[in-house]
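Thank you all for coming; I would like to walk you through one structure this morning, starting from a single pair of side chains and working outwards. Please have the sequence and the coordinates open as I go.

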Amino acid sequence: MTRREQYEAKTEAFLLPVMEKHHFELVDVEYVKEAGTWYLRAYIDKEGGITVDDCEVINRELGDWLDQEDFIEDSYILEVSSPGLGRPLKKEKDFARSIGKEVDIKLYKAVEKQKDYTGVLEAYDKDTVTIGLEDGTRITFERPSIALIRLAFDF
């Protein structure tokens, strides 16, 4: 397990009971370097959406715990936020919640000269994702071939 994965796993383990206490859902935890700065991000959600006040409560609890535990060697910025509309589907519960909804899929390599697909998520398992296209056809993708899958949204 990489250092990054250890930081994410330890943070997630702390946050899960905190999320339960507040009736929130932990969508994801990531430790990433962007433009030379490390970020520890926790994405949270709840029925009806997350507010700034919700993020502040979790940020305070998480920040206090991180200061006490002090297990991250690098300096970093802590962020707690809503995952937003364009969040990728990553976990089992993301896929389960999205069955019957329209998703956008971006592939690493083109299939039939196409890398981007939009369709209704019909099925998934640990190896594949199946969507129904507008013309009534179904297409199944191998999970490793998918660069990004997220809910489709129209403006």
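Which side chain meets that of arginine 3 in a salt bridge? The partner is glutamate 73, with N to O at 4.0 Å, where a salt bridge is defined as a side-chain nitrogen of Lys or Arg within 4 Å of a carboxyl oxygen of Asp or Glu. This pair links distant parts of the chain, 70 residues apart, since arginine 3 sits in helix H1 (residues 3-22) and glutamate 73 in the loop between helix H2 (52-69) and strand S3 (76-81). Arginine 3 is partly exposed at 34% relative accessible area, whereas glutamate 73, at 66%, counts as exposed; buried here means under 20% relative accessible area, exposed over 50%, and partly exposed in between, with a 1.4 Å probe and protein chains only.

Before going further, a word on what we are looking at. This is a predicted model, in which local features need pLDDT of at least 70 and side-chain atom pairs count only at pLDDT 80 or more, while totals for chains, interfaces and linings use all residues. Residues are numbered from 1 along each chain as its sequence is written, and side-chain values use heavy atoms, with hydrogens and water left out.

Now the overall architecture. The protein has three helices and eight strands, which follow the pattern α-β-β-α-β-α-β-β-β-β-β along the sequence; helices (H or I, at least four residues) and strands (E, at least two) are DSSP runs, numbered from the N terminus. Along the principal axes, the C-alpha atoms fill a box of roughly 55 × 35 × 30 Å. Of the 155 residues, 35% are buried, and among the contacts with a separation of 6 or more, 51% are between residues 24 or more positions apart, a contact being heavy atoms within 4.5 Å.

Let me return to charge. Side chains of opposite charge can pair when their charged atoms come close. The whole structure holds 17 salt bridges, and I will pick out a few besides the one we began with. Within helix H1, glutamate 8 and arginine 4 are four residues apart, and so are separated by about one helical turn; they form a salt bridge whose closest N and O atoms are 3.2 Å apart. Glutamate 8 is buried, with a relative accessible area of 13%, whereas arginine 4 is partly exposed at 37%.

Further along the chain, lysine 126 and aspartate 127 also meet through their side chains in a salt bridge, at 3.3 Å from N to O. Here lysine 126 is exposed, at 69% relative accessible area, and aspartate 127 is partly exposed, at 40%. In addition, Glu25, Lys93, Asp94 and Arg97 are joined into one network by salt bridges that share partners.

One member of that network deserves a closer look, namely aspartate 94, which is found in helix H3 (residues 92-98). Is this residue buried or exposed? With a relative accessibility of 1%, aspartate 94 counts as buried. Leaving aside residues up to four places away in sequence, aspartate 94 touches Glu25, Arg87, Pro88 and Leu89.

That brings me to the interior. In soluble globular proteins, nonpolar side chains tend to be buried together. A nonpolar core is taken here as a set of buried Ala, Val, Leu, Ile, Met, Phe, Trp, Tyr and Cys residues joined through side-chain atoms within 4.5 Å. The largest such core has 21 residues, and those with the most contacts inside it are Leu15, Met19, Ile44 and Ile58. The elements giving two or more residues to this core are H1, strand S1 (25-34), strand S2 (37-45) and H2, and H2 gives the most, with five. Leucine 15 itself touches Leu26, Val29, Ala42, Ile58 and Leu62, again not counting residues up to four places away in sequence. Apart from this core lies another, of 13 residues, including Leu89, Ile105, Leu107 and Ile131.

I will finish with the backbone. Histidine 23, in the loop between H1 and S1, has a positive phi near 65° although it is not a glycine, and histidine 23 is exposed at 68% relative accessible area. Glutamate 112 lies in the loop between strand S4 (102-111) and strand S5 (114-124); its phi is also positive, at about 50°, in a residue that is not a glycine, and glutamate 112 is exposed, with a relative accessible area of 73%.
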